[in-house]
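Here are some notes for a colleague who is opening this entry without having seen it before. Please keep the sequence and the model in view while reading the points in turn.

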Amino acid sequence: MIRQPSRHCTVELQAVPAHIGQVRTIVSAQLRHWRLDALVDPAALGVTELLANVHRHARPSKQCTVELRLLLDRLTVSVHDEDPRLPHVRTAGSWETCGRGLALIAALSESWGMRPDGSGKVVWFTLPALPATPEEMRADHAQWEPLSLGDDVRTTADTRSRARGARVG
């Protein structure tokens with residue numbers, strides 16, 4: 001039986017504008033590390049939209065967790081926050097400067113959705129990912145250093161059931 005490795009990365013943060021930029025950097029670096037360069041732009045754009053929604057709408061806290069999960073040929077990007085209210089897809093007027101986030105997620109992703117989770121919710125989207133070549137899979141065993149991006153952003157990652165992570169700061 002051939003088993004494909006799963007890859008996983010989480011980032012905990014307060015969804016404030018300065019941290020959203022840091023998370024884009026983390027997502028981009030992690031996807032490049034996994035050799036998924038083609039997914040960097042759509043994943044970074046999608047996670048930015050989801051975090052902007054947390055920043056604008058989540059109550060009582062802006063605390064959230066971004067999760068990247070690669071399993072077989074699918075990347076799932078999700079954001080969990082502490083607000084149980086599920087978002088609504090709306091049609092923004094041509095004059096409005098916001099209100100298109102979930103429509104954008106739907107357009108850029110293969111699938112997307114939302115679900116209650118404990119006392120909050122998770123909003124997620126998927127992107128198709130090509131399987132890694134044998135050379136890329138061997139390279140995944142190489143050691144990497146966590147990014148240092150700020151005191152209030154924490155990231156952890158694991159590959160092939162080996163946990164790697166550190167407090168970023």
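Which residues of helix H3 (residues 101-108) are buried?

1. In this predicted model, the buried residues of helix H3 are Gly 101, Leu 102, Ile 105 and Leu 108. Because they cover an arc of only 130° around the axis, they lie on the same side of H3. As for what they meet there, the buried residues of H3 pack against helix H2 (40-57), strand E4 (111-117) and strand E5 (120-128).

2. Before going further, a reader should consider the confidence of the prediction, since the mean pLDDT of the protein is 78 and 67% of its residues reach 70 or more. Over residues 140-150 the pLDDT is below 50, although this stretch has 29 contacts in the model beyond near neighbours in sequence. The pLDDT is also below 50 over residues 158-169, a stretch with 44 contacts in the model beyond near neighbours in sequence.

3. The interior deserves a paragraph of its own. The largest nonpolar core has 33 residues, and those with the most contacts inside it are Leu 31, Leu 51 and Leu 75. At least two residues of this core are supplied by each of E1, helix H1 (17-33), H2, strand E2 (63-71), strand E3 (74-81), H3 and E5, while the largest share, 6 residues, comes from H2. In soluble globular proteins, nonpolar side chains tend to be buried together.

4. Which residues does Leu 51 touch, not counting those up to four places away in sequence? With that exclusion, Leu 51 touches Ala 15, Ile 20, Val 23, Cys 64, Val 66 and Val 79. Of these partners, Cys 64 is itself buried, with a relative accessible area of 1%.

5. Val 23 can also be approached from Leu 13, a residue of strand E1 (residues 6-14). The C-alpha atoms of Leu 13 and Val 23 are separated by 8.5 Å, the two residues being 10 apart along the chain. Leu 13 counts as buried because its relative accessibility is 0%, and the cut-off for that word is under 20% relative accessible area.

6. Finally, a word on the cysteines: is Cys 9 buried or exposed? Cys 9 has a relative accessibility of 1%, so this residue counts as buried, and Cys 64 is buried at a relative accessible area of 1%. A reader looking for cross-links should note that the structure holds 0 disulfides.

Conventions. Residues numbered from 1 in each chain as written. Predicted model: local features only at pLDDT ≥ 70, side-chain atom pairs only at ≥ 80, totals over all residues. Heavy atoms only, no water. Helix = DSSP H or I, 4+ residues; strand = E, 2+ residues; numbered from the N terminus. Buried < 20%, exposed > 50% of the residue type's maximum accessible area, 1.4 Å probe, protein only. pLDDT = per-residue confidence, 0-100. Contact = heavy atoms within 4.5 Å. Disulfide = S-S within 2.5 Å. Arc of directions from axis to C-beta. Core = buried A, V, L, I, M, F, W, Y, C linked by side-chain atoms within 4.5 Å.
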